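Here is a briefing for a reader who has not met this structure before. It begins with one term and then goes topic by topic.

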Amino acid sequence: FEFTKRDNNANYSEESATKINFNGSSVTVSGNGASVSGSTVTLSKAETYILSGETDDGMVIVNCGDDDKLQIVLDGVSIYNKNGPAFYVKNADKAAVTLASGSENTLSDGASYSYKDGSSNVDATLFSRADISFNGSGKLTVNGNNKHGICSKDDLVFTGGVYSVKSSGVAINGKDCVKISDATLDISAGTD
């Protein structure tokens, strides 16, 4: 149950990061490792990504290699996906989510999903099949209108940040473990 350096490291270089800005139904990307289809962004390389802007019909998908570790900085981003999760880590070794200082970020889903990933169940606003950690000093609001708020099928780690999670089902779930060393969490769960 140790916390790794990556868990705690909220530092990043803005100059070398890939910048992704949501603007309604369109997305602009500057840098490597990100592809866009409509307002859905897929991150496929072990890079640092900075997300900003707003969309009411978007999604972030992480689909990297099994050994890839990436950092995703939320810097004033608001993503709503009425048909599925707003943020889905499909494959990676580890995703580190950093809340930029002074930023307010929101992830929301709709009341029912049409999104499918084969026969796999994807049922949370922020859903991860890999280890995922959260750090930084910003704020993240998660609205789980369909079912769950934040769900990881591996480790789920918090080492910083302010979180408001409202869900119709489970608010926060980690299959292997949930580790919290320093974070403020305001939770309103329909079940656990």
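A residue counts as buried when its relative accessible area is under 20%, as exposed when that area is over 50%, and as partly exposed in between. The model described here is predicted. Its chain holds one helix and 19 strands, and 47% of the 192 residues count as buried.

**The chain as a whole**

- The radius of gyration of the chain is 15 Å, and a compact globule with 192 residues would have one near 16 Å, so the two values agree.
- Taken along the principal axes, the box filled by the C-alpha atoms is roughly 40 × 40 × 30 Å.
- The accessible surface comes to about 8600 Å², and carbon and sulfur atoms account for 39% of that surface.
- When contacts between residues at least 6 apart in sequence are taken, 56% of them join residues at least 24 apart.
- The chain carries 16 positive and 24 negative side chains. The centres of these two sets lie 3 Å apart.

**Strand β4 and its two faces**

- In a regular strand the side chains alternate between the two faces of the sheet.
- Strand β4, residues 40-43, follows an alternating order. Val41 and Leu43 point to one face and are buried, while Thr40 and Thr42 point to the other face and are not buried.

**The hairpin of β3 and β4**

- Strand β3 covers residues 34-37 and pairs with β4 in the antiparallel sense, over four bridges.
- In this pairing alanine 34 stands opposite leucine 43 of β4, and Leu43 is one of the buried residues of that strand.
- The two strands form a hairpin with two residues between them. Glycine 38, in the turn, has a positive phi of about 65 degrees.

**From β4 through β6 and β8 to β11**

- β4 is also joined to β6 by four bridges, and these two strands run parallel. Valine 41 of β4 stands opposite valine 60 in β6.
- β6 (residues 59-63) is joined in turn to β8 (residues 87-91), again by four bridges and in parallel. Here valine 60 has phenylalanine 87 of β8 as its bridge partner.
- β8 pairs with strand β11, residues 124-128, in the parallel sense over three bridges. Phenylalanine 87 stands opposite leucine 126 in β11.
- Read in order, the facing residues are valine 41 with valine 60, valine 60 with phenylalanine 87, and phenylalanine 87 with leucine 126.

**Valine 29 in β2**

- Valine 29 belongs to strand β2, which spans residues 26-30.
- Its relative accessible area is 30%, so valine 29 is partly exposed.
- Beyond its neighbours within four places in sequence, valine 29 is in contact with Thr18, Lys19, Ile20, Ala34 and Val36.
- One of these, lysine 19, is 10 residues away from valine 29 in sequence, and their C-alpha atoms are 5.7 Å apart.

**Alanine 96 in β9**

- Alanine 96 lies in strand β9, which is made up of residues 94-99.
- With a relative accessibility of 3%, alanine 96 counts as buried, because buried means under 20%.
- Leaving out neighbours within four places in sequence, the residues in contact with alanine 96 are Arg6, Leu70, Gln71, Ile72 and Ser133.
- Alanine 96 and leucine 126 are 30 residues apart in sequence. In space, 13 Å separates the two, C-alpha to C-alpha.

**Strands β15 and β18**

- Strand β15, residues 155-158, runs parallel to β18 and is joined to it by four bridges.
- Leucine 156 has valine 178 in β18 as its bridge partner.
- Strand β18, residues 177-180, has a covered face with Cys177 and Lys179. Its uncovered face has Val178 and Ile180.

**Leucine 185 in β19**

- Leucine 185 is found in strand β19, which takes in residues 184-189.
- Its relative accessibility is 27%, and leucine 185 therefore counts as partly exposed.
- Apart from neighbours within four places in sequence, leucine 185 is in contact with Phe158, Tyr163, Ile172 and Ile180. Ile180 is also listed on the uncovered face of β18.
- Leucine 140 is 45 residues from leucine 185 along the chain, and 9.7 Å separates their C-alpha atoms.

Definitions and conventions:
Residues are numbered from 1 along each chain as its sequence is written. This is a predicted model: local features need pLDDT of at least 70, side-chain atom pairs count only at pLDDT 80 or more; totals for chains, interfaces and linings use all residues. Side-chain values use heavy atoms; hydrogens and water are left out. The radius of gyration is taken over C-alpha atoms; the globule rule is 2.2 Å times the number of residues to the power 0.38. Buried means under 20% relative accessible area, exposed over 50%, partly exposed in between (1.4 Å probe, protein chains only). Contact means heavy atoms within 4.5 Å. Accessible areas come from the Shrake-Rupley method with a 1.4 Å probe; for residues, only the protein chains shown count as cover. Lys and Arg count as positive and Asp and Glu as negative; His and the chain ends are not counted. The place of a charge is taken as NZ of Lys, CZ of Arg, CG of Asp or CD of Glu. Two strands pair if DSSP finds at least two bridges between them.
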